[in-house]
Amino acid sequence: MLVAIPDLLTVEEVREVRRILEASAWVDGKATAGEQAAVAKKNLQIAEGSPAAMQAGDIILRALGRNPIFHSAALPLRVLPPMFNRYDVGMTFGAHVDGSIRTIPGANMRMRADVSSTLFLSAPEEYDGGELVISDTYGEQRVKLPAGHLVVYPSTSLHAVTPITRGSRWCSFFWTQSMVRDDGQRAMLYDLDVAIREIRAELPDDKRAVVAITSHYHNLLRRWAEL
Ligand code: NI
């Protein structure tokens, strides 16, 4: 399941993150890729754990904390500190699957990557190419969103970034360990939550059907969640 989340960051927050990144050094993106991904990966990144990455990452983590769609779609248990990448002309990332286990920097702890996220920091008009192509159950999805918008998708999916032919594409990316490991179960909970929100907009919260369907959501989550 792929979910696009509009306006995760405000215009001011996008500007602030960009300002931090513009003042930072970029390193070869192969540094954080596994063996297969390193061959396919041609981009630049802000060094993981650098002060700039932490400062810009905090802005994103705060925005995630206040976003109900992210919570509903990812059911986050842990979020790895956001990282930042940049694709200039000729840069690309061929088909790959993200590594399954990640080390949380500075915490001496590992986590499972269940949900991958890409947050766009460049406007689509600033570059040509650079589409995020995600293969899911329904075929290939091509994603290129306005600055400040986020896309979340299962870390199990094969994905790629097409070559840049003009301009520069800046993004943040990060991984989430979900309380619900299975993509199918997570997608069912998300669909149910969306339906509940629609029903609650039509019916009073004490209506028997609203109480029943809300209980059902929580009882499914109780059954499937691992903490
Ligand atoms: Ni990836």
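Helices (H or I, at least four residues) and strands (E, at least two) are taken here as DSSP runs, numbered from the N terminus. The structure is a predicted model, in which local features need pLDDT of at least 70 and side-chain atom pairs count only at pLDDT 80 or more, whereas totals for chains, interfaces and linings use all residues. Residues are numbered from 1 along each chain as its sequence is written, and side-chain values use heavy atoms, with hydrogens and water left out.

In the loop between β7 and β8 lies S100, a residue that is partly exposed, with a relative accessible area of 47% (buried means under 20% relative accessible area, exposed over 50%, and partly exposed in between, with a 1.4 Å probe and protein chains only). Although S100 and R112 are 12 residues apart in sequence, their C-alpha atoms are 5.7 Å apart in space. When neighbours within four places in sequence are left aside, S100 is in contact with M111, R112 and A113, contact being defined as heavy atoms within 4.5 Å.

The loop between β7 (92-96) and β8 (101-104) also holds D98, which takes part in the metal site. The nickel ion is coordinated at 2.1 Å by NE2 of H96, OD of D98 and NE2 of H159; donors are N, O and S atoms within 2.8 Å of the metal (3.2 Å for Na, K and Ca), and since water is not among the atoms, sites may look incomplete. Along the chain, the donors of the nickel ion follow the spacing H-x1-D-x60-H. D98 and H159 link distant parts of the chain, being 61 residues apart, with H159 placed in strand β15 (residues 159-161). Both of these donors are shielded from solvent by the accessibility criterion, D98 being buried with a relative accessible area of 13% and H159 counting as buried at 5%.

Open and closed spaces were located on a 1 Å grid over the protein atoms alone: a cavity is a set of points where a 1.4 Å probe fits but cannot get out, a pocket is an open set with protein on both sides within 12 Å along at least five of seven lines, and lining residues have an atom within 4 Å of a point. Grid points are joined across faces, edges and corners, and a volume is the space filled by probe spheres set on the points. The largest pocket contains about 360 Å³ of space, and of the 27 residues that line this pocket, the closest to its centre are F93, H96, D98, H159 and W175. Two or more lining residues come from each of α2 (35-40), β6 (83-87), β7, β10 (115-120), β15 and β17 (169-178), with β17 giving the most, four residues. The lining divides into 11 nonpolar, 12 polar and four charged residues, where Ala, Val, Leu, Ile, Met, Phe, Trp, Tyr, Cys and Pro count as nonpolar, Asp, Glu, Lys and Arg as charged, and the others, Gly among them, as polar.

The second largest pocket, of about 150 Å³, is lined by M1, L2, D136, T137, Y138, Q141, A187 and D191. One cavity of 30 Å³ or more is found; the largest cavity holds about 50 Å³ of space, and its lining consists of M1, A73, V115, V152, Y153, P154, D183 and R186. The elements that give two or more residues to the lining of this cavity are β14 (150-154) and α5 (183-202), and β14 provides the largest share, three residues.

The largest nonpolar core has 46 residues, and those with the most contacts inside it are L9, L21, F84 and L150; such a core is a set of buried Ala, Val, Leu, Ile, Met, Phe, Trp, Tyr and Cys residues joined through side-chain atoms within 4.5 Å. Helix α3 (residues 51-65) gives the most to this core, with seven residues. Beyond its neighbours within four places in sequence, L21 is in contact with W26, I46, A56, F84, L121 and W170.

In helix α1, E13 counts as buried at 16% relative accessibility and touches L8, I59 and R66, residues up to four places away in sequence not being counted. Finally, D7, in the loop between β1 (3-5) and α1 (11-22), has a positive phi of about 50 degrees although it is not a glycine, and this residue is exposed, with a relative accessible area of 54%.
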